[in-house]
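Welcome! Take a moment to turn the structure around on your screen before reading on. This report then walks you through some of its sheets and contacts.

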Amino acid sequence: MARQSAGRCGAIWVWAALALLAALVASLLLGARPIPISAIWQTLLGESNEYSPLILHGRLPRTLLALLAGLALGLSGILMQAITRNPLADPGILGINAGASFAVVASVGILGLSGQVAIITAALVGTFCAASLVFVLGNLRAVAAHPAHIVLAGVAINAVLTGLCSAITLLNPSAFDRLRFWNAGSVDIMTLTPVLYASPLLLTGVLLALVLASPLNAVVLGRHTAAALGVRHQHILLMALLAMTLLIGTSTALTGPIGFIGLMIPHLTRWLIGQDQRRMMFLACLLAPLLLLAADILGRFMLTNGIRVAVVTALIGAPVMIYLIRRPTSESS
Amino acid sequence: MTTYAYHPADGAVLSGHQLTFGYRDHPVACNLDVQIPSGSFTAIIGPNGCGKSTLLRTLCRLLEPQHGEVQLQRHPLAHYSGRELAKQIGLLAQSASAPEGIRVLELVARGRYPHQSWLRQWHQDDEQAVTEALQMTDLTELAHCRVDTLSGGQRQRVWVAMVLAQQTPLILLDEPTTYLDISHQIELLELFHALNHQGGRTLVAVLHDINQACRYASHLIAMRAGCIVAEGSPNEIVTAELMQQVFGLSCSVIPDPVSQTPLIIPHRSPIWL
Amino acid sequence: MNSAWWLIGSRQGAWSWRVNRPTARLGLGLLLLCFALGIWSLYLGSLRLTPEVIWQTLTQPGHSMAHTVILQWRLPRIVMAWVAGMALAIAGGIFQSLLRNPMGSPDVIGFNTGAWSGVLLTVVLFKGSEFAMALGSLLGGCLTAGIIFLLAWQQGLARMRLIIIGIAISALLNAVNIWVMMSASQESALTAVLWSMGSLNGMTWRKCMPVLIGCIPLILLCLSANRPLRQLELGDDIAQATGVRIQSSRLLLLLSATAVAAIATTMTGPIPFIALAAPQIAARLCRDPSPSLLCTGLTGAALLLSADLLAQHALEGIQLPVGIVTISLGGLYLLILLLSEARRSSS
């Protein structure tokens, strides 16, 4: 893409920031019971009114979680696509979400653990293992393999892990009920406590991802070119692995598996702001939460009881993925 | 369907009339007329992207022309079924991929596909064709080796053997010598020459090396930007003016001391730093 | 040339069939293995019957307990395992060959997810019976396959497009499925998940017969398409130049493979990993990277028969769904496959 003029870039940032702000406000306002702005303002200032419980135990935690989860998913999507050099990489499709899910299901279903700390730890361990596997596979091809190869490997891993999840839940019916609700990814939470537990880890992941933004530009060109440019490929890989684990592990533990944000955000940011990974990452910090918030708000109005955000992202993301592959530039047999 | 009142010149076994072909939105050639003389070894030459391979693919129906018609033995290609066409035209494609672990004999035998059916999967005709093909390409000792253990030159010979086993009177070759070293290139070209002269088969090959094309081919087709600039025997058409016109190459043309065919000697061009 | 293959029929005559020697040996071996596993299945169980009793039951009509156990319970289960194993393996073999990828298997690409959607809808919306679930599975699977093919068709079927679109649709349906599961009652959800594991429990002739009638002709059709399948492996250009009609052959093969897998899994649920693993295992056993579909089919049958034996008798008193066994073994197999591919590409 031709280099964007400085003016245009500036405009994009401003619009993105404004849109995110609007989405945050809209998320507090809209829903089954619309809340007037004055009530929100009052509650945020510390006064309570008739809407305060709904705000403090519904809208506010939900909005904040969507913000953080969107951040995590968007940044990890950019990391994944850069490191695997695969335009279709997405933590959901490649089985990394499944790794987190499986670890959580196994710890709840088999080990009988409960409690936020346990679940977060389990999710982190699961994400780490799954992400390591994907990273190893994505980098062992000396020649850039066709994107379908790594995606298929990830999908197969996904299939195994989700099958094992089902098997475990079948053998433990009490866990089954709890887990089938968790398994449908959602930002619908009541209190901010789990978010508070997880956010230090999540924000560390965010920082790590942003630090990696610059070397990522070299990594995208391939292992050998990166080495020629002085970038230590192995170190970057390890750091990216750590960042991914923190990001996906914590967000999956909080929300359950949400897919497709990681797929769409890199393409969206690249389309708006060009190929520079640094810019893509920073724009993703604004756009990814925006996308997740928009999906959540949309979900509140679909059907009578609303739809969970993971379904909405899938309803949006799958057609996007199909469009991406049907474009003439990406067609090959 | 438009009918063309088109009668190919006598002696043309494969001909195209007013062909417009290419990929999707950008046609590579428009209203092209081409004739392949029967019994000739025709070489198609031209710069990269001029449409040589695309023309070849259109001539054997791998690509459907957007307009115009290709005729084989005065019958439109569209009238032939896939199997019948495969018994008439053989193709050595650039994009051939041997399944992993396949052996030479098995791969050559795959060339007999158009002559076989589900009920008749192996006949003594097949056996004879395969044996002959292996002999012609000097692969009889290597018949039981795995194709992926062979050298580049040997592997190309296996593909040639497969096409030979197909026993077609017409063989199309898409850049058959591009990835081979010089000795293998010459070896293969000598084989093609023998197939043409002694075996009586008509060959059409896309070649990059003009000198080799002049030496071995009996008929040249020079293309540029989707148009045929000249066609005829090498001695007739290969001149310095043609090279300038087709390739933008400044050169001298002298008779090859070995074969008396035209030999291109490119001039040196100064590099402006 | 005689050393490479066996010829059935006459070299000069009107008909002749060519069989690769190692393939033929393996095929016979697998056939014997399947029979052995079948007979062992007849023998094992809480009601241990001696071989003489089994022989008597099979050859003479009667109404004893042994007859019920063998003819009504065990035999349909064995026959179903055999046919479903063959069907899934053949479908997997066709897909993997056409998509040029050892992991391009129908259950990985997502044709199963549509079947599960069909079942979920039947169970949750219509509180369906077993036959309703089977119908839902068939319709869901075929509809999904149809949508995937339609979306992937752009002047022909390109490999990667088909794979990626399959994955996208599958992920979409998966999200919807999980949401439906969440909204349903616990028993409906449990039934659906149990079905999704794949199981041969409670197989009867009444359930088995429609599947046999549907699958067996399709299996024979697929087996007869072995030659064009092998020719397509040489690349589209060579295949077309030797007389194969590429687009129609590919479409026909994909449709048959999809249909045979969909029909086979209506009664059993989507048994995972047979379609993925059987072709690869057959390739390693045959020492031929593209084994004949017959060998692949027999390998699948042997795999499913053994998995079912394990599922029935591994744990005392519990009959696991066979899908749990295949997915555990499949997971292990996948890990080995990925690691060996990794080692191969790094060397």
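In this predicted model, B:Gly16 stands opposite B:Val70, a residue of strand S4 of chain B. The two strands involved are S1 (residues 12–23) and S4 (residues 67–72) of chain B, which run antiparallel and are joined by five bridges. Both belong to an open sheet of four strands, ordered S2-S1-S4-S5 in chain B, with antiparallel pairing. At its edges you will find strand S2 (26–37) and strand S5 (75–76) of chain B, each of which pairs on one side only. A helix packs on this sheet too: H1 (residues 52–59) of chain B touches S1, S2 and S4 of chain B. The direction of H1(B) makes about 120° with that of S1(B).

Now look for another sheet in chain B. Here six strands form an open sheet with mixed pairing, in the order S6-S7-S8-S3-S9-S10. Why is one side of S6 and of S10 in chain B left without a neighbour in the sheet? Strand S6 (89–92) and strand S10 (227–232) of chain B stand at the edges and each has a single partner strand, so there is no neighbour in the sheet on one side of each. On average, neighbouring strands of this sheet are turned by 15° against each other, direction ignored.

At the S10 edge, strand S9 (residues 219–224) of chain B runs antiparallel to S10(B), and five bridges join them. One place to look is B:Ala222, whose bridge partner in S10(B) is B:Ala230. Over by the S6 edge, helix H5 (residues 152–165) of chain B lies across S6 and strand S7 (170–174) of chain B. Helix H5(B) runs at about 170° to S6(B).

The two bridge pairs named above sit side by side in this table:

| Residue | Partner | Strand of the partner |
|---|---|---|
| B:Gly16 | B:Val70 | S4(B) |
| B:Ala222 | B:Ala230 | S10(B) |

Finally, how do the chains meet? Of the two pairs of chains that touch, chains A and C have the most contacts. Chain A brings 45 residues to this contact and chain C brings 43 residues. On the side of chain A that touches chain C, the elements giving two or more residues are helix H5 (116–139), helix H6 (147–171), helix H7 (173–182) and helix H13 (309–326) of chain A. Which of them gives the most? That is H6(A), with 15 residues. Sorted by class, this side of chain A has 29 nonpolar, ten polar and six charged residues. Chains A and B, by contrast, are joined by no contact, and their closest C-alpha atoms lie 10 Å apart.

Methods:
Residues are numbered from 1 along each chain as its sequence is written. Chains are lettered from A and ligands numbered from 1 in the order in which they are written. This is a predicted model: local features need pLDDT of at least 70, side-chain atom pairs count only at pLDDT 80 or more; totals for chains, interfaces and linings use all residues. Two strands pair if DSSP finds at least two bridges between them. Axes are lines fitted to C-alpha atoms, for helices over the stretch in contact, and angles run from 0 to 180 degrees between N-to-C directions. Two residues are in contact if their C-beta atoms, placed from the backbone, lie within 7 Å. Ala, Val, Leu, Ile, Met, Phe, Trp, Tyr, Cys and Pro count as nonpolar, Asp, Glu, Lys and Arg as charged, and the others, Gly among them, as polar.
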